[in-house]
Each structure stands twice: as C-alpha cells, then as structure tokens.
Amino acid sequence: MYLNPHLPLVYHPNYSFSFDPNHRFVMSKFAYLYDHVHSLGLISDNLVQPILGSPAPLELVHCDDYINDLWHNRLDEKAMRRIGLPWSEQLMARTFTAPLGTLQTARLALKHGLACHLAGGTHHAHYDFGSGYCMVNDLAFTSETLIKSGEVTNVLIFDLDVHQGDGTAAMLTHQPYAYTCSIHCEKNFPFRKSASDLDIGLNPGVSDKEYIGIVDETLSYLLKTLNPDLVLYDAGVDVWQQDGLGKLDISWQGIEQRDHLVLKRCLEHNVPVATVIGGGYDKDHRRLAARHGIVVEQAAQF
C-alpha cells in the first residue's frame, strides 16, 4: 500500500501536555498521534505548525466575555464543570491554538485538495459556553473565517463523531453559506441537541454495513445538491464498537471504510476536504492514537 509522504499535515507540540492520565479525556493522544503518523513515514517537510493562539481571533464567532473569562480563568465552577477539564495555562495555549490549526488545514486543503489536522473537532463548544471537553469551536470559527474573507462561497461540515455536533449547529444556524450535517448516535450526549441543517440520529448498536450505507447516501446527496467549495470532515473515532462513550457497533475496518469513502466521494466531486480528528475515548492511549490515525492513513492513499 502506497502512502503519500507529501500529504499536508498540521500539528503543534502544545496540543499535548502533562495531564492526568486517568482523566476520561486523553490529552496525550495528540502527541501519540504525531508519533504514530511519523512511524508511518508521513512526516517530513509536509508538516505545518500553526501560530500560537489567543482569544482575539475567536471573537469572530464567540462571545467576547466568555472567551476572555475562559482565558483569564474567570469562569465559575459550574461553567468549568460543564466543560469537564481543569483550567491551566497549558490548556489555554492548546485550546486557542488548535482552531488556528483547523483554519490552516482548511486553507491547505483549498490549495492541495486534501489536508489533515492532527487535532480539532471541538463541536460541543457554543457561542458563550463550553461543553463536553470543548471550549472553543474550531469548525464554526474556520467556516466563518473563510466565508467572511471570501476564500470560499459555501462550506459543508460533515460531522461523523458519535456525538451530535450541537455547538457547531447552534453557532452556524444563521450562516446560510455553512451547511451542518451530523450523523450520530441519537441516544447519547448531548442530551439536549441543537438542530443541524441535517441530523441523522442512529440507534445504538448500528453496525458497519448499515452505517457505511447511510454515510455514503447522505454525503453523495449533499455533494451533488450543495456543490460546496470545501468539506470540513470531523472523523470522530468514538463510533468504534469498544469506545468508552460510543454505543455504536462499528469495527476498526468499518472506520477505515468510512474514512476512505468520505475522502473518495469528496475528491470524485473535486471538492477539497480538510479533516479533523474529533472524539475518541480509550484507556489504551496508544491504541486511541492509532485509531485517530486511520483518517490520515486513508488520506495518504490518495
């Protein structure tokens, strides 16, 4: 199997830092993902590092008070509990850098046709609050930035994380040129869902064949009817049958088929696609990183 060593990749070393290894959110997975991709021979002069982030760029899509209170550790205990992560300067550095990484990935995809971010997919962050391990919304930020700058006319956000992309849906509900589609497990977090432009809620226990069919039919229809300038693909791997928070029955091979299919369909329609890793939960941190690496491996085959 040939893997293209020139696939554009985006990563910053601050994505992982010293963090409680027993926490449900695996902070080490970004560094392990980098190591995994490097072991596949996919990192050379193709790696792009985003600039360090700050609250200012995120004011485009988020409430000024919220992100500045977050940055300066002024949010109350209830707001931080809803996010689910303990505040630290290192967490702020990675939180505000990663959206710039997704934006950089999108711009590389527009130039090269395909690019992968070794992070991203913080789709539970809303305009004025964070939720579900997500503090700021990189998908909404990237879409608004590219649309308002005129770099694209319209964007399709194709979210295949097992959890519904509620924050993205809510933040882009009044943006007519960003189309949000979420295919997720219906009986799962978030329990109060926002309305995407298209939501497909799956029953728990859905397996490979049915899932792949739904993904293919939905994406093919959207590419044909929307003709987007860019697809932002949230390749969440918490759909895996053994994921700690998943509830679906998708095999490892099913994730490989899904990611290959999504990228193939976009490229068949000559639509640039930028990937983000989305969610994934596993006590085996290196196995989780390898699972997040599936989308990069599939992208490197094109």
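**Stop 1: a charge over a ring**

Select Arg-94 and Phe-30 in this predicted model. The charged end of Arg-94 sits over the ring of Phe-30, at 4.4 Å from the ring centre. Keep Phe-30 on screen and add Tyr-11, Tyr-15, Phe-25, Tyr-34, Tyr-133 and Tyr-281: ring pairs link these residues into a cluster.

**Stop 2: the aromatic pairs**

How many aromatic pairs does the structure hold? There are eleven. For one of them, zoom in on Tyr-133 and Tyr-281, a tilted pair with 6.2 Å from centre to centre and 45° between the planes. Tyr-133 belongs to the loop between strand E3 (114–117) and helix H6 (138–149), and Tyr-281 to the loop between strand E8 (273–276) and helix H10 (285–292), so this pair ties together parts that are 148 residues apart in sequence. Is Tyr-281 buried or exposed? With 9% relative accessibility, Tyr-281 counts as buried.

Next, select Phe-158 and Tyr-233. Their ring centres are 6.4 Å apart and their planes meet at 35°, so this pair is tilted. Phe-158 is in strand E4 (residues 155–159) and Tyr-233 in strand E7 (residues 230–234), so the pair ties together parts that are 75 residues apart in sequence. Phe-158 is buried, its relative accessible area being 0%. Tyr-233 is buried as well, with a value of 0%.

**Stop 3: the nonpolar core**

Stay with Phe-158 for a moment. The largest nonpolar core has 96 residues, and Phe-158 is listed with Leu-70 and Tyr-211 as those with the most contacts inside it. Colour helix H5 (residues 89–112) to see where the largest share of this core comes from: nine residues.

Now centre the view on Leu-70. Which residues does Leu-70 touch, leaving out those up to four places away in sequence? They are Leu-75, Met-80, Ile-83, Trp-87, Met-92, Phe-96, Met-135 and Val-136.

**Stop 4: backbone surprises**

Most residues other than glycine have a negative phi, and most peptide bonds are trans. Here are some places to look for exceptions.

- Select Phe-189 and Pro-190: a cis peptide bond joins them, with omega at about -5°. Pro-190 is in the loop between strand E5 (178–185) and strand E6 (198–202).
- Go to Asn-73, where phi is positive, near 60°. Asn-73 is in the loop between helix H3 (64–71) and helix H4 (77–83), and it is partly exposed, with a relative accessible area of 39%.
- Return to Tyr-133, which has a positive phi of about 70° although it is not a glycine.

**Stop 5: helix H9**

Show helix H9 (residues 252–268) by itself. At 1.5 Å a residue, its 17 residues should span 24 Å, and the end C-alpha atoms are 24 Å apart, which agrees. Which residues of H9 are buried? Highlight Gly-254, Ile-255, Arg-258, Asp-259, Leu-261, Val-262, Leu-263, Arg-265 and Cys-266. Just after the helix, look at Asn-270, which follows H9 and has a positive phi near 60°.

**Stop 6: Asp-197 and Ser-196**

Go back to the loop between E5 and E6, where Asp-197 is found. At 44% relative accessibility, Asp-197 counts as partly exposed. Asp-197 and Thr-180 are 17 residues apart in sequence, yet their C-alpha atoms are 5.2 Å apart in space. Show the side chain of Asp-197 and follow it to the backbone nitrogen of Thr-180, which it reaches at 2.9 Å. Setting aside residues up to four places away in sequence, Asp-197 touches Ala-178, Tyr-179 and Thr-180.

Add Ser-196, which lies in this loop between E5 and E6. Is Ser-196 buried or exposed? Ser-196 counts as buried, at 12% relative accessibility. Leaving aside neighbours within four places in sequence, Ser-196 is in contact with Gln-164, Ala-169, Thr-180 and Ser-182.

**Stop 7: Leu-3**

Finish at Leu-3, in the segment before strand E1 (9–10). Leu-3 is buried, with a relative accessible area of 17%. Select Leu-40 too: it is 37 residues from Leu-3 along the chain, and the two C-alpha atoms are separated by 8.2 Å. What else is in contact with Leu-3, apart from its neighbours within four places in sequence? Besides Leu-40, there are Leu-42, Glu-297, Ala-300 and Gln-301.

Methods. Residues numbered from 1 in each chain as written. Predicted model: local features only at pLDDT ≥ 70, side-chain atom pairs only at ≥ 80, totals over all residues. Heavy atoms only, no water. Phe/Tyr/Trp six-rings, centres within 6.5 Å; stacked < 30°, edge-to-face > 60°. Helix = DSSP H or I, 4+ residues; strand = E, 2+ residues; numbered from the N terminus. Buried < 20%, exposed > 50% of the residue type's maximum accessible area, 1.4 Å probe, protein only. Lys NZ or Arg CZ within 6 Å of the ring centre and 35° of its normal. Core = buried A, V, L, I, M, F, W, Y, C linked by side-chain atoms within 4.5 Å. Contact = heavy atoms within 4.5 Å. Expected span 1.5 Å × (residues − 1). Polar contact = N/O pair within 3.5 Å; in protein donor to acceptor, adjacent residues only side chain to side chain.
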